[in-house]
Amino acid sequence: MNKIIIYTDGGCRGNPGIGGWGAWLRYGDHDKKLKGSAKDTTNNRMELTAAIKALEAIKSSTIDIDLYTDSKYVMSGINEWIKGWKLRGWKTANKKPVKNVDLWQKLDEVNIKHNVHWHWVKGHSGDEGNEMADSLANQAMDAIQLNK
């Protein structure tokens, strides 16, 4: 198997509120679980952060990557909107600043270093990878709530 499989998820308790992200990376028989949290954030920021952190964890740029997310925001942004944003100097079609521009620029930077095939998966539908990423995001949120 010459491909890395990644599942990412992000969530928020309150929006904005306490957020968490999770990523499950698999390569053959190897896997790596990543998670993190933020005290005051949004769901979209956590979804973006999950994808960024997962791609940053991959050191080789020669391996194909299948990245699965349940975020239509991330999918539409990376596959459709980002080209126009970059052409317009990180402005929307309405000439307004792109929300979460710091994370979109970081995601763009790590995405172009790899050969990433982006896939959307329905959240909370029993998909093993999505459920694992969701669990990791929730563990991160639980940990930050305990340390309030």
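**L34 and the sheet around it**

Leaving aside residues up to four places away in sequence, L34 touches W21, G22, A23, L25, K53, A54, A57 and L136, where contact means heavy atoms within 4.5 Å. The model is predicted, so local features need pLDDT of at least 70 and side-chain atom pairs count only at pLDDT 80 or more, while totals for chains, interfaces and linings use all residues. Residues are numbered from 1 along each chain as its sequence is written, and side-chain values use heavy atoms, with hydrogens and water left out.

Is L34 buried or exposed? L34 counts as buried because its relative accessibility is 18%; buried means under 20% relative accessible area, exposed over 50%, and partly exposed in between, with a 1.4 Å probe and protein chains only. One of its contacts is W21. L34 and W21 are 13 residues apart in sequence, and their C-alpha atoms are 8.2 Å apart in space.

L34 belongs to strand 3, residues 30-41. Helices (H or I, at least four residues) and strands (E, at least two) are DSSP runs, numbered from the N terminus. In a regular strand, side chains alternate between the two faces of the sheet.

Strand 3 pairs with strand 2 (residues 17-27) in the antiparallel sense, over 10 bridges; two strands pair if DSSP finds at least two bridges between them. Within this pairing, G19 stands opposite A38 in strand 3. The two strands form a hairpin with 2 residues between them. G28, in the turn, has a positive phi of about 60°.

The next step is the whole sheet. This open sheet has 5 strands in the order 3-2-1-4-5, with mixed pairing. Strand 3 and strand 5 (115-120) are the edge strands, each pairing on one side only. From one strand to the next, the twist averages 20°; axes are lines fitted to C-alpha atoms, for helices over the stretch in contact, and angles run from 0 to 180 degrees between N-to-C directions. At the strand 5 edge, the pairing with strand 4 (residues 64-69) is parallel, over 6 bridges. There, D66 has H117 in strand 5 as its bridge partner.

Helices come next. Helix 1 (residues 43-56) lies across strand 1 (3-13), strand 2, strand 3, strand 4 and strand 5, and runs at about 155° to strand 1. Helix 4 (residues 128-146) packs on the sheet and touches strand 1, strand 2 and strand 3, its direction making about 140° with that of strand 2.

Which residues of helix 3 (residues 101-111) are buried? They are L103, W104, L107, D108, V110 and N111. These buried residues pack against helix 1, helix 2 (72-87) and strand 5.
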